[in-house]
Amino acid sequence: MDKHEKRVIFASIGLMAFFFLAVILAVSGLGITVPDCITDREPFTEPEVIQLDETHYEVHSIARMWTFDPPVIEIPAGATLDIFLTSADVVHGFQIESRAVNMMAVPGQVTKMSAKFDKVGKYSIVCHEYCGVNHHSMEGVIHVRPVEDMPAREVSKAGSPASNATEGGAKL
Amino acid sequence: MNLREVAMELDPKLKRLTLIQLAVPVTLLIVGIGGGLLQALMRAGVIQADSALGLGYYQGLTLHGIINAIVFTTFFAIAFGNALVSYALKARLNMKVAWISNILMLVGTLMVAIMVFAGEASVLYTFYPPLKAHPVFYAGLALFVVGSWVAFWNWIPVYMRWRRENPAEKVPMAVVGIFATFIIWQICTIPVAYEVLVLLLPWSLGWTNEINIELTRTLFWFFGHPLVYFWLLPAYVMYYTMLPKLAGGKLYSDLAGRVVFMLFIIFSIPVGAHHQFTEPGIGSDWKLLHAFLTFGVAIPSLITAFTIAASLEYAGRKRGGKGLFGWFRTLPYLDGDRYLFPYLFVGLIIFIVGGSTGIINASYNMNLIVHNTSWIPGHFHLTVAGPVFLGFIGMSLYMVEKMTGKEVKLKKLAVTVPYMWLVGLFIFSFGMMRGGLHGEPRRTNMGMTYLNPDSPLYRPEWEFYVLLTVIGGVILFLAMIVYFAVFFQTLFGEKTTEEKLVFPLSESYHDERAGVFANFKPWVIGAIVLILLSYIPVFIDVSRSTSSGAPAYNPHLPVPENQISGGSTEERVTESDGTASDKEKNDGETSEDGE
């Protein structure tokens with residue numbers, strides 16, 4: 001094999017190795033990761049927003065033809081939101097405007113991602129998977145409100161899991 | 001084209017079969033391409049409607065995907081393979097078997113087309129359940145795929161005989177390439193055949209109530225990514241074995257081509273989970289493994305970029321080009337007698353962008369920014385609608401010319417098609433990709449909501465990007481009008497010369513022993529080992545994370561089909577589809593856009 005060709009093969013391998021290293025750094029250094037396999041939660045049938053502590057919220061979002069439940073998720077600015085997502089019928093998508101939150105809602109499964117919301121405003125959630133004839137009208141909203149505007153809620157035990165939600169969690 | 005090729009006598013039976021396999025899908029492309037323009041207009045809100053020309057947006061999108069990406073490409077790959085194997089191995093195929101394959105595929109295509117046109121299969125070309133299509137749609141898909149297997153099986157005895165008779169010779173590169181294409185196809189279509197026949201078909205007939213959705217998605221993407229290489233590799237065969245000769249030179253390195261095709265066999269399948277990064281049911285560590293292997297499959301393409309560029313440089317210098325870049329000016333860009341050159345060359349240029357954006361998609365966490373946004377169709381139009389499509393329509397024209405003995409008409413126009421396509425495609429895909437980075441979803445009739453100023457979902461910031469896709473879409477459409485004029489004028493023109501079987505196969509500049517790259521066996525075994533290693537953990541994850549299956553849904557109704565009262569399955573579907581009041585009621589409840 002010609003020497004230029006050999007160099008190109010090594011350079012190609014090197015380039016891809018460099019890209020992969022960058023991905024690893026983004027995972028371990030910046031903590032940007034993709035949804036994992038969840039086996040300890042059953043898909044839920046009731047949508048709810050649960051306040052885990054001052055700045056930590058959890059939402060159980062149900063995608064269905066052609067709405068998200070709850071349609072509006074209200075959280076205070078600065079809150080971290082753990083999103084648990086499932087579908088009540090067909091496959092849907094869940095992407096939050098200008099956030100690296102991108103999930104598929106699959107019936108029979110739970111998808112999880114987290115995001116922190118510092119800026120006040122309304123972030124739309126777009127369904128980005130074809131889900132039937134009205135797919136284009138399926139949208140939800142995350143409403144990030146100034147902390148002082150949030151209605152008073154009963155705070156559940158810090159870090160309490162979803163199973164405690166019915167006792168202490170604030171329902172939307 | 002006058003390239004002093006060694007022509008072979010053409011079996012009239014092969015001629016008839018090949019012309020059907022080329023002309024039928026090119027005719028269907030009229031629908032597929034027209035559908036593409038309609039979708040660009042509807043998506044942008046230029047046409048603000050649920051349907052246009054009697055086709056619903058999602059129904060038209062299903063047709064666009066199936067005709068352009070499945071039917072056209074598969075028929076072409078088989079017609080090209082039949083002719084290329086016969087020519088390169090100087091052998092006759094068993095035409096009975098070739099016809100069985102063709103009939104299975106034609107019947108399958110017809111079944112699928114009827115169901116999509118009837119509105120019974122608006123499930124897009126990925127047919128993700130639990131959206132359900134008519135059982136005949138799934139049966140048609142299965143027949144189509146089985147037909148394509150039969151065509152491949154027909155080449156194997158011819159290949160074996162050639163190996164026996166020529167033990168000391170290297171298998172012609174063209175045959176290595178087309179066999180690599182179909183080895184990948186044979187392996188990757190088995191899981192999707194299982195999905196369609198064992199899971200979807202009984203479920204759509206109502207024999208089973210529920211199916212595991214994440215399992216069907218994983219089986220689909222086992223097939224869905226290698227499908228991309230099934231499209232791409234026939235174009236690579238043209239780049240390695242024909243483009244150098246069309247340019248007036250030689251292939252820079254024979255060994256590089258063989259290495260590349262074998263690497264594709266190894267790496268193109270165990271990568272499917274990179275389409276499922278945002279899904280539940282698969283551990284993120286296994287997703288990372290699939291990302292890693294996807295980076296492996298970029299390597300043969302990077303090698304190809306070098307080898308083909310070096311081949312073109314060799315040709316350019318032979319044509320009198322001087323200096324570092326002077327050779328670039330001497331290539332036959334607009335030579336009507338070598339009209340195939342621009343179809344292949346322009347495809348290569350497009351693939352530089354198509355391939356690079358593919359690496360972005362594969363980049364695990366970076367995928368979160370682009371997954372299911374319009375970035376994705378922006379990207380894959382630069383691959384399947386770029387090098388693949390241009391190579392296939394260019395070669396269709398070439399094969400029709402040679403096999404009918406009818407010289408190509410309007411050559412001066414024929415050479416402009418790829419350049420028009422390049423301009424249209426770059427504008428279109430730029431609009432799609434930039435829009436995607438700003439959050440535009442893919443596969444969405446945005447004209448009804450996101451780009452409708454009267455809708456609460458209106459996104460004015462997306463207007464500019466969809467305007468680009470409309471401009472690009474119109475240019476692409478015009479390029480195809482020119483192509484159709486050239487193709488059909490040639491096909492129905494008068495005979496000017498002998499019918500023959502011929503391809504412009506190149507010689508090699510460096511021609512070394514192929515060594516370990518001479519045989520498929522070690523590479524097929526390697527592929528199977530890698531598939532098992534990368535997919536067993538994925539299927540284990542899917543099975544332990546699934547809590548329940550899903551019943552079937554009609555795309556028109558937000559309730560499972562088995563909860564709609566009265567009648568058999570068939571009757572229920574037509575009832576809910578056809579009754580205006582039923583649909584209105586349903587729309588009124590669920591949509592806010594005031595349709």
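Here are some exercises with worked solutions on this two-chain model, which is predicted.

**Exercise 1. Getting to know chain A**

Task: Describe the make-up of chain A, from its elements to its burial and contacts.

Solution:
- Step 1. Start with the inventory: chain A holds two helices and ten strands.
- Step 2. Put them in order. From the N terminus, the elements run α-β-β-β-β-β-β-β-β-β-β-α.
- Step 3. Turn to burial: 44% of the 172 residues of chain A count as buried.
- Step 4. Finish with the contacts. Taking those in chain A between residues at least 6 apart in sequence, 63% join residues at least 24 apart.

**Exercise 2. Where the chains touch**

Task: Work out which elements of chain A give two or more residues to the side that touches chain B, and which one gives the most.

Solution:
- Step 1. Count the participants. Chain A brings 54 residues to the contact and chain B brings 67 residues.
- Step 2. On the side of chain A that touches chain B, the elements giving two or more residues are α1 (3-28), β6 (92-96) and β7 (102-105) of chain A.
- Step 3. The most comes from α1(A), with eleven residues.
- Step 4. Sort this side of chain A by class: 29 residues are nonpolar, 16 are polar and nine are charged.

**Exercise 3. A pair of helices in chain B**

Task: Classify how α7(B) and α15(B) cross, and say which residues meet there.

Solution:
- Step 1. Find the two helices: α7 covers residues 213-241 of chain B and α15 covers residues 384-404 of chain B. Their axes come within 9 Å and cross at roughly 55°.
- Step 2. Name the arrangement. An angle of roughly 55° is neither under 35 degrees nor in the range 65 to 115, so α7(B) is oblique to α15(B).
- Step 3. Add the hand: α7(B) passes α15(B) in a left-handed crossing.
- Step 4. List the partners. From α7(B) come B:Trp231, B:Leu232, B:Pro234, B:Ala235 and B:Met238, and these meet B:Val384, B:Pro387, B:Val388, B:Gly391 and B:Met395 of α15(B).
- Step 5. Classify them: the contact of α7(B) with α15(B) has nine nonpolar residues, one polar residue and no charged residues.

**Exercise 4. Helix length and burial**

Task: Check the spans of α15(B) and α4(B) against 1.5 Å a residue, then judge how enclosed each helix is.

Solution:
- Step 1. Take α15(B). Its 21 residues should span 30 Å, and the end C-alpha atoms lie 28 Å apart, which agrees.
- Step 2. Look at its burial: 21 of the 21 residues of α15(B) are buried, so the rest of the structure largely encloses this helix.
- Step 3. See what comes next in the chain. B:Gly405 follows α15(B) and has a positive phi, near 70°.
- Step 4. Now take α4(B), residues 135-153. Its 19 residues should span 27 Å, and the end C-alpha atoms are 27 Å apart, which agrees.
- Step 5. Of the 19 residues of α4(B), 14 are buried, so α4(B) too is largely enclosed by the rest of the structure.

**Exercise 5. Backbone oddities in loops**

Task: Locate the cis peptide bonds at A:Pro70 and B:Pro130, then decide whether B:Lys90 and B:Phe127 are buried or exposed.

Solution:
- Step 1. In chain A, a cis peptide bond joins A:Asp69 and A:Pro70, with omega about -5°. A:Pro70 sits in the loop between β3 (67-69) and β4 (72-76) of chain A.
- Step 2. In chain B, the bond from B:Pro129 to B:Pro130 is cis, and its omega is near 5°. The loop between α3 (95-117) and α4 of chain B holds B:Pro130.
- Step 3. B:Phe127 lies in the loop between α3 and α4 of chain B as well. Its phi is positive, about 35°, although it is not a glycine.
- Step 4. Count the neighbours of B:Phe127: 22 other C-beta atoms lie within 10 Å, so B:Phe127 is buried.
- Step 5. B:Lys90, in the loop between α2 (57-88) and α3 of chain B, also is not a glycine and has a positive phi of about 50°.
- Step 6. With 12 other C-beta atoms within 10 Å, B:Lys90 is exposed.

**Exercise 6. A glycine that touches both chains**

Task: Place B:Gly283 and name the residues it touches.

Solution:
- Step 1. B:Gly283 is in the loop between α9 (254-267) and α10 (284-318) of chain B.
- Step 2. It has 21 other C-beta atoms within 10 Å, so B:Gly283 is buried.
- Step 3. Leaving out residues up to four places away in sequence, B:Gly283 touches A:Asp36, A:Cys37 and B:Asp541.

Notes. Residues are numbered from 1 along each chain as its sequence is written. Chains are lettered from A and ligands numbered from 1 in the order in which they are written. This is a predicted model: local features need pLDDT of at least 70, side-chain atom pairs count only at pLDDT 80 or more; totals for chains, interfaces and linings use all residues. Axes are lines fitted to C-alpha atoms, for helices over the stretch in contact, and angles run from 0 to 180 degrees between N-to-C directions. Helices (H or I, at least four residues) and strands (E, at least two) are DSSP runs, numbered from the N terminus. Angles under 35 degrees count as roughly parallel, over 145 as roughly antiparallel, 65 to 115 as roughly perpendicular and the rest as oblique. A crossing is left-handed if the near helix is turned anticlockwise from the far one by less than a right angle, and right-handed if clockwise. Two residues are in contact if their C-beta atoms, placed from the backbone, lie within 7 Å. Ala, Val, Leu, Ile, Met, Phe, Trp, Tyr, Cys and Pro count as nonpolar, Asp, Glu, Lys and Arg as charged, and the others, Gly among them, as polar. The expected span of a helix is 1.5 Å times one less than its number of residues. A residue is buried if 20 or more other C-beta atoms lie within 10 Å of its own, exposed if 12 or fewer, and partly exposed in between; C-beta atoms are placed from the backbone.
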